[in-house]
Amino acid sequence: MDWLEILKSEMLEITKTAAYEYFPAIGAYTEPYYNHKFEHVKQVETEALKLFEVYGGDKDIVLASVWIHDRYKPQFDGPDHGNKAADWVLENLESKGFPKEKVKAVEYAVRNHTGFDKRPLETLEAQILWDADKLAHHGPKYIFQTFMLFTSEILCKNYLDLKIKFEPTIVLENIMPALLNLKHEIDYDGPNYFHLDESWKIVIEKDEAVNAFLEALEKKL
């Protein structure tokens, strides 16, 4: 098993353990029925690879950063998770078979991925991780991810900031107000949120698709 397979396997186990609390196994099944954080990281990988295809960089650093960045945020909690994951990189990543000379670059990207106020980042790989992490919270797939949050009673009761109310029977009329919060004002003149121009092109496409879908859905209710 190479270092990337190890990181993915470890992330699955870490997030699965936390997922049991929010999305427990149903009936005779033994797996949580949903794993929010693992699905998020998979989407970050998808977005990061899109940006890598345009800008290049070091693919090892990009992929390692993706699969480590939320290691200490296994589901919805994770205070100071960026620094904790970055410290883990310095202490453990080389032992997974990762190239020693690239460890510091991964540590830098992971340590600087958190927050919503864009900051200057010195490396392309850190910029890719930052942008990919934010892009994962946009687009049609994020509608599905948000919908899945409505199915978790403990989540809806404990995380009121998500503006989600648990309903024993989920009907569209009840969850539409929260879904409509996913609509975004689109500033076509350019953001202060992303580092890379391609990220802004991607987010415009994603937001236009989401807005069109939600507007059409709202008209049908």
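Mentor: Start with a sorting rule. Ala, Val, Leu, Ile, Met, Phe, Trp, Tyr, Cys and Pro count as nonpolar, Asp, Glu, Lys and Arg as charged, and the others, Gly among them, as polar. Remember also that this model is predicted.

Trainee: Which residues line the largest cavity?

Mentor: The lining is made up of H137, H138, G139, Y142, I143, L182, H184 and V210.

Trainee: How do you know how many of the lining residues are nonpolar, polar or charged?

Mentor: Apply the rule. Tyr, Ile, Leu and Val are on the nonpolar list, and Y142, I143, L182 and V210 are in the lining. His and Gly are on neither list, so they count as polar; H137, H138, G139 and H184 belong there. The result is four nonpolar, four polar and no charged.

Trainee: What makes a space a cavity?

Mentor: A 1.4 Å probe fits there but cannot get out. One cavity of 30 Å³ or more is counted here. The largest holds about 30 Å³ of space.

Trainee: Why is K37 called buried or exposed?

Mentor: Buried means under 20% relative accessible area. K37 has 6%, so K37 is buried. K37 lies in helix α2, residues 36-55. Beyond its neighbours within four places in sequence, K37 is in contact with M11, T15, D70, K73, P74 and Q75.

Trainee: V54 is in α2 too. What makes V54 buried, exposed or partly exposed?

Mentor: The value for V54 is 47%. Exposed means over 50%, buried under 20%, and partly exposed is in between. Therefore V54 counts as partly exposed.

Trainee: How far apart are V54 and E198 in sequence and in space?

Mentor: They are 144 residues apart in sequence, but their C-alpha atoms are 7.8 Å apart.

Trainee: How do you know what span to expect for helix α4?

Mentor: Take 1.5 Å times one less than the number of residues. Helix α4, residues 81-92, has 12 residues. The expected span is 16 Å, and α4 reaches 16 Å from its first C-alpha to its last.

Trainee: Which residues of α4 are buried, and why are they placed on the same side?

Mentor: The buried ones are H81, G82, A85, A86, W88 and V89. They cover an arc of only 155° around the axis, so they sit on the same side of α4. An α-helix has 3.6 residues a turn, so residues three or four places apart point the same way. The cover over the buried residues of α4 includes α1, α3 and α5.

Trainee: And in α7, which residues are buried?

Mentor: I143, Q145, T146, M148 and L149. The buried residues of α7 pack against α2, α8, α9 and α10.

Definitions and conventions: Residues are numbered from 1 along each chain as its sequence is written. This is a predicted model: local features need pLDDT of at least 70, side-chain atom pairs count only at pLDDT 80 or more; totals for chains, interfaces and linings use all residues. Side-chain values use heavy atoms; hydrogens and water are left out. On a 1 Å grid over the protein atoms alone, a cavity is a set of points where a 1.4 Å probe fits but cannot get out, and a pocket is an open set with protein on both sides within 12 Å along at least five of seven lines; lining residues have an atom within 4 Å of a point. Grid points are joined across faces, edges and corners, and a volume is the space filled by probe spheres set on the points. Helices (H or I, at least four residues) and strands (E, at least two) are DSSP runs, numbered from the N terminus. Buried means under 20% relative accessible area, exposed over 50%, partly exposed in between (1.4 Å probe, protein chains only). The arc is that of the directions from the helix axis to the C-beta atoms. Contact means heavy atoms within 4.5 Å.
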